[in-house]
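Okay, thanks for having me. Let me put the structure up, and then I'll talk you through a few parts of it.

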Amino acid sequence: MNLRAIRTRYFGAYSVDQIVPPRGNAAWATIFTTATMTFLAVAALAAALAGARFADAWSLDLAQNATVRIAAPAETREQQIAAVLAVLDTTPGIASAEVLDDAAQARLLAPWLGNDLPLDALPLPAMISVALEGDGPNSDALALRLAADAPDAVWDDHDRWRAPLQKTTTRARMLAISAIVLITAALGVMITLAARAALAQNAQVIITLRLVGARDRFIIWTFVRRFTMRALIGSVIGAIFAIIAVQMLADATADDTFLSLIGFSGLDWALLLAIPFIATFVAFNATRQAAMRHLLHQA
Amino acid sequence: MITFEQAGFSYGRNSILNGITQELAPGSFHFLTGPSGAGKTTLLKLCYLALRPTAGTVKLFGQDVSKLSRDRVAEMRRRIGVVHQDCQFLDHQTVRANIELPMKVGGRNIQKNRSNVDDLLSWVGLTKRGDALPPELSGGERQRLAVARAVIMAPEIIIADEPTGNVDWEMGHRLLTLLVELNKMGKTIIIASHDMNLIRAAKSMATTRVMRLVKGQLVAAGADL
């Protein structure tokens, strides 16, 4: 008794429901295409999430701090610093204020002006770093009080830094979403082409099915089921490989940079898990549409 | 059962059949004969709804086929068994699976009907070939497989297009015997054939009618042609 006989005896002739003959190359092409597209979609999602995290971290950092810059003449400098500290001390929303010494200023300027900075030769303003609490102070009221007590002091709540950063973050997100949409569309096109090729290749099967009274939806379903299963397998493989790659990238990057923030956590997993399902749905729909058009064209 | 009223068919300007008027009664046995290109296969395709008439009317089971939806056409086809000269099978599926295909398509429980399939395999002499693939069969075995698949759903009409075209006389006679047996069970049989020996042999076994087509027109129909 051969394998076919055993399969028929114990599982029935249609145990594997292979009305459409399995063709190796087409099957692997569909699985590979879906796996690759899912990999790229997950990578784009990871990049978008990491970008958002990076921007949020920066934005939060900027939002929780403010700076008072005092470009005062040397004779009134100390007096204005003391006045500013006094004002800040009595302002709600201010957690603490600290005057930056020369060494701290040198550290901040080092990335742009180098380490051998002759601070004595530069007319640097006095800088007060302010930590905020809650919603922070009323900026307009504070600016007015500072103008009265320390006319050379300038209150900077970092708004002008945060706005472009938020704009950049939004654009980066849009870019990632566009990439995912394009990848999905490309997947749909590729699956449609593969399904059309399979339908043309299996013209004999369709004729036979029609001959024995198969309805259109039965014929469509035989092809849709095949392609949907392949797409599901491919997308799960692609997603698994992408998760491993993303995790390896994050693990290999120890410093506090963009790449160290790449990865998935919390609700990210829901978004991630949606990608294989979206890929499978796209394959399902693309095959269904291709099969419907094929049958109508034949009629 | 099948009624043609001035039925015709043409591909564009090329007329294949025209002015066919004929009624095929339930349980009758018909031979469709005529030279190559006379329109025999086209007339059969009108009978099993592979084509719809471009002129006149064809009624099947009392219904005008031109007005049937695609789903209804599929359902009607289940009431008709078709045996082709170039038998069309799922070549990657076993003989048994090919016989079971109409049941699968019709939503019948295959496991419950396994004994029917076994009986059919035995009836057409393919019991030992149930696990073979169609390409592994001889011409005669393929024709018998086609007959088995055509009758698995107990159709009311069996249509055969040159069923003995690819087999020797002995096998042709065996196939004819199967079709005559089906006719005696009350099935309507329509066979397109230009094999006069086959027609003569059928006449000796059953009451048959012969329809002769020439250049797309039915030139004669009767029992004594």
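I'll go through some strands in chain B, then a helix pair in chain A, and finish with the contact between the chains. Keep in mind that this is a predicted model.

So, chain B, and strand β7, residues 157-161. Is β7(B) buried or exposed? Five of its five residues are buried, so β7(B) is largely enclosed by the rest of the structure. In a regular strand, side chains alternate between the two faces of the sheet. Here both faces are covered: Ile157(B), Ile159(B) and Asp161(B) are buried on one side, and Ile158(B) and Ala160(B) are buried on the other. And yes, there's an aspartate in that buried set, Asp161(B).

Which strands does β7(B) pair with? One is β6, residues 80-83 of chain B, in the parallel sense over four bridges. In that pairing, Gly81(B) has Ile158(B) as its bridge partner. Another is β8, residues 188-192 of chain B, again parallel, with five bridges. There, Ala160(B) sits opposite Ile191(B).

Elsewhere in chain B we have antiparallel pairing. Strand β1, residues 2-11, is joined to β4, residues 55-60, by five bridges, and Glu5(B) stands opposite Thr57(B). β4(B) also pairs with β5, residues 63-64, antiparallel over two bridges, with Leu60(B) opposite Gln63(B). Those two strands, β4(B) and β5(B), make a hairpin with two residues between them. If you like checking backbone torsions, look at Phe61(B) in the turn: its phi is positive, about 50 degrees.

Over to chain A, for a helix pair. Helix α3, residues 74-89, and helix α5, residues 139-149, have axes that come within 9 Å and cross at roughly 150 degrees. The cut-off for roughly antiparallel is over 145 degrees, and α3(A) and α5(A) are therefore roughly antiparallel to each other. The crossing is right-handed. Who meets whom? Ala83(A), Val84(A) and Val87(A) on α3(A) meet Arg145(A), Leu146(A) and Asp149(A) on α5(A). By class, that contact has four nonpolar residues, two charged and no polar ones.

Last bit: the contact between the chains. How many residues does each chain put in? Chain A gives 23 and chain B gives 24. On the chain A side, α1 (3-11), α7 (203-211) and α8 (216-252) each supply at least two residues, and α7(A) gives the most, with six. That side of chain A has 13 nonpolar, seven polar and three charged residues.

That's my tour, so over to you.

Note on methods
Residues are numbered from 1 along each chain as its sequence is written. Chains are lettered from A and ligands numbered from 1 in the order in which they are written. This is a predicted model: local features need pLDDT of at least 70, side-chain atom pairs count only at pLDDT 80 or more; totals for chains, interfaces and linings use all residues. Two strands pair if DSSP finds at least two bridges between them. Axes are lines fitted to C-alpha atoms, for helices over the stretch in contact, and angles run from 0 to 180 degrees between N-to-C directions. Angles under 35 degrees count as roughly parallel, over 145 as roughly antiparallel, 65 to 115 as roughly perpendicular and the rest as oblique. A crossing is left-handed if the near helix is turned anticlockwise from the far one by less than a right angle, and right-handed if clockwise. Two residues are in contact if their C-beta atoms, placed from the backbone, lie within 7 Å. Ala, Val, Leu, Ile, Met, Phe, Trp, Tyr, Cys and Pro count as nonpolar, Asp, Glu, Lys and Arg as charged, and the others, Gly among them, as polar. A residue is buried if 20 or more other C-beta atoms lie within 10 Å of its own, exposed if 12 or fewer, and partly exposed in between; C-beta atoms are placed from the backbone.
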